[in-house]
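Subject: Structure handover and findings

Dear colleague,

Please find below the structure that I am handing over to you. My notes on it follow directly after.

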Amino acid sequence: MPEFAIGETDFLLAGRPFQILSGALHYFRVHPDLWADRVDKARRMGLNTIETYVPWNAHAPEPDRFDLSGGLDLD
C-alpha cells in the first residue's frame with residue numbers, strides 16, 4: 001500500500017501531491033441495496049473519499065439499547 005503523508009504544503013501519496021475529493025453519503029437515507037451503486041457513482045464522478053456521520057439517535061434510541069440492523073448496519 002502506498003504511503004500517505006502530510007507534506008509541507010499538501011498531502012502526499014507515494015511521495016506525489018494528492019488531492020482529497022470527498023462527497024457525503026448518508027447511509028441511513030439510502031436503502032442498503034443501493035449503497036454499492038452510490039459508492040460506484042461517487043467514484044465515477046472522480047471522488048476518492050466518502051464521508052458520513054453516524055446518527056446515534058437512530059442507533060441508540062434509549063440508554064443501553066443499540067440497533068445495528070437493516071439500514072443501520074454499519075459493518
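Does R43 count as buried or exposed, judged by relative accessibility? R43 counts as exposed, at 54% relative accessibility, where exposed stands for over 50% relative accessible area, buried for under 20% and partly exposed for the range in between (1.4 Å probe, protein chains only).

Two remarks on conventions come before the rest. The model is predicted, so that local features need pLDDT of at least 70 and side-chain atom pairs count only at pLDDT 80 or more, while totals for chains, interfaces and linings use all residues. Residues are numbered from 1 along each chain as its sequence is written, and side-chain values use heavy atoms, with hydrogens and water left out.

Strands and sheet

Helices (H or I, at least four residues) and strands (E, at least two) are DSSP runs, numbered from the N terminus. Three strands form an open sheet in the order β1-β2-β3, with antiparallel pairing; two strands pair if DSSP finds at least two bridges between them. At the edges of this sheet are β1 (4–6) and β3, each of which pairs on one side only. On average, neighbouring strands of the sheet are turned by 40 degrees against each other, direction ignored; axes are lines fitted to C-alpha atoms, for helices over the stretch in contact, and angles run from 0 to 180 degrees between N-to-C directions. The antiparallel pairing of β2 with β3 runs over three bridges. L12 has P17 in β3 as its bridge partner.

Backbone angles

The loop between β2 (11–13) and β3 (16–18) contains A14. The phi of A14 is near 55 degrees, a positive value in a residue other than glycine. A14 is exposed, at a relative accessible area of 52%. D64, which is not a glycine either, has a positive phi of about 65 degrees. D64 belongs to the segment after α2 and counts as exposed at 78% relative accessibility. As background, most residues other than glycine have a negative phi.

Salt bridges

How many salt bridges does the structure hold? The structure holds five salt bridges, a salt bridge being a side-chain nitrogen of Lys or Arg within 4 Å of a carboxyl oxygen of Asp or Glu. D37, R38 and K41 are linked in a network of them. Within that network, D37 meets R38 at 2.6 Å, N to O, and D37 meets K41 at 3.1 Å, N to O. D37 and K41 are four residues apart in helix α1 (residues 35–44), so they are separated by about one helical turn. Each member of the network is partly exposed: D37 has a relative accessible area of 28%, R38 has 32% and K41 has 44%.

Another salt bridge joins E62 and R65, whose closest N and O atoms are 3.2 Å apart. E62 is partly exposed, with a relative accessible area of 43%, and R65 is partly exposed, also with 43%. In general, side chains of opposite charge can pair when their charged atoms come close.

H59 and its surroundings

H59 lies in helix α2 (residues 56–59) and is buried, with a relative accessible area of 0%. Which residues does H59 touch, not counting residues up to four places away in sequence? H59 touches Y27, V54, R65, F66, D67, L68, L72 and L74, where a contact means heavy atoms within 4.5 Å. R43, whose place is in helix α1, is 16 residues from H59 in sequence and 28 Å from H59 in space, C-alpha to C-alpha.

Nonpolar patch

V54, W56, F66, L68 and L74 make a nonpolar surface patch of about 510 Å². Patches are made of residues with over 30% relative accessible area and no salt bridge; like charges are joined within 9 Å, and nonpolar side chains (Val, Leu, Ile, Met, Phe, Trp, Tyr) within 5 Å. Accessible areas come from the Shrake-Rupley method with a 1.4 Å probe, and for residues, only the protein chains shown count as cover. L74 is found in the segment after α2 and is partly exposed, with a relative accessible area of 41%. Among the members of the patch, V54, F66, L68 and L74 are also touched by H59.

With kind regards
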